[in-house]
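Subject: Structure for your review

Dear colleague,

Please find below the structure that I am handing over to you. My notes on it follow directly after the display.

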Amino acid sequence: FEMKPRLKIAIGLFLCAFFASCRKDVVYDTAVVGHWGCEQYVSCRTNDSTGIVSWDTSHYVVGEGHGYELFFYNDRSGKLFLNDSPAFIKKFSCKYVYDEGNRKIVIEAPGFLYAIYESVLALDENRAEFDVEDINDSTMTVSWTNSISEPSPFFERFFLKKID
């Protein structure tokens, strides 16, 4: 029995689709996976008219249901909870990529940015790229230059503690 070329292609495509659907989800196991709470937040802004640099530090209670929580799951999805924020929406879904070699976390969370900045932003502005300054089993320090929320970019650093 000889198969026609179209039948061979159809069977090949079916088998590819079948085996692709049977594969298990890719597990992403890195140091960032887990439940984190923000213990301390530091910002540095420069006043455009005076040139004065001001540093601001905020402290938060770390724990489930307190302060700011981040959940990084092993399927590259996540959640952000702004428990102490006056924002109307306090829970957001996100996706993330942790580049361990370059020590960077890229978070995409369009709903989060919309709620904070109250406008629809361009797609590239719905991404935040954080430098991972320090990470171990129980703490992580990340920072970035925020050029989204205000006309003048400013520096932010987050000191996180593992909750689970």
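I begin with Trp144, which is located in strand E8. Please bear in mind throughout that this is a predicted model.

Trp144 has a relative accessibility of 10%; because the limit for a buried residue is under 20%, Trp144 counts as buried. Setting aside neighbours within four places in sequence, the residues in contact with Trp144 are Ala128, Glu129, Phe130, Phe154, Phe155, Glu156 and Phe158. Two of these partners deserve a further remark. The side chain of Glu156 forms a polar contact with the side chain of Trp144, at 2.7 Å. As for Phe154, its C-alpha atom is separated by 8.4 Å from that of Trp144, and the two residues are 10 residues apart along the chain.

Ser143 also has its place in strand E8. Its relative accessible area is 4%, so Ser143 is buried. With residues up to four places away in sequence left out, Ser143 touches Glu129, Phe130, Asp131, Glu133, Phe155, Glu156 and Arg157. With Glu133 there is a polar contact between side chains, with a distance of 2.5 Å.

The third residue I examined is Thr141, again within strand E8, which covers residues 139-146. Thr141 is counted as buried because its relative accessibility is 10%. Apart from residues up to four places away in sequence, Thr141 touches Asp131, Val132, Glu133 and Asp134, and also Arg157, Phe158 and Phe159. Glu133 and Arg157 therefore appear in the contact lists of both Thr141 and Ser143.

Turning to the protein chain as a whole, I note two helices and nine strands. Along the sequence these elements follow the order α-β-β-β-β-β-β-α-β-β-β. The chain has 164 residues, of which 32% are buried; Trp144, Ser143 and Thr141 are among the buried residues. Of the contacts in the chain with a separation of 6 or more, 43% are between residues 24 or more positions apart. The surface exposed by the protein chain is about 10,800 Å², and carbon and sulfur atoms supply 56% of that area.

When you open the model, I would suggest viewing strand E8 with the side-chain pairs Trp144 and Glu156 and Ser143 and Glu133 displayed.

With kind regards

Technical notes
Residues numbered from 1 in each chain as written. Predicted model: local features only at pLDDT ≥ 70, side-chain atom pairs only at ≥ 80, totals over all residues. Heavy atoms only, no water. Helix = DSSP H or I, 4+ residues; strand = E, 2+ residues; numbered from the N terminus. Buried < 20%, exposed > 50% of the residue type's maximum accessible area, 1.4 Å probe, protein only. Contact = heavy atoms within 4.5 Å. Areas by Shrake-Rupley, 256 points an atom, 1.4 Å probe, with all protein chains shown as cover. Polar contact = N/O pair within 3.5 Å; in protein donor to acceptor, adjacent residues only side chain to side chain.
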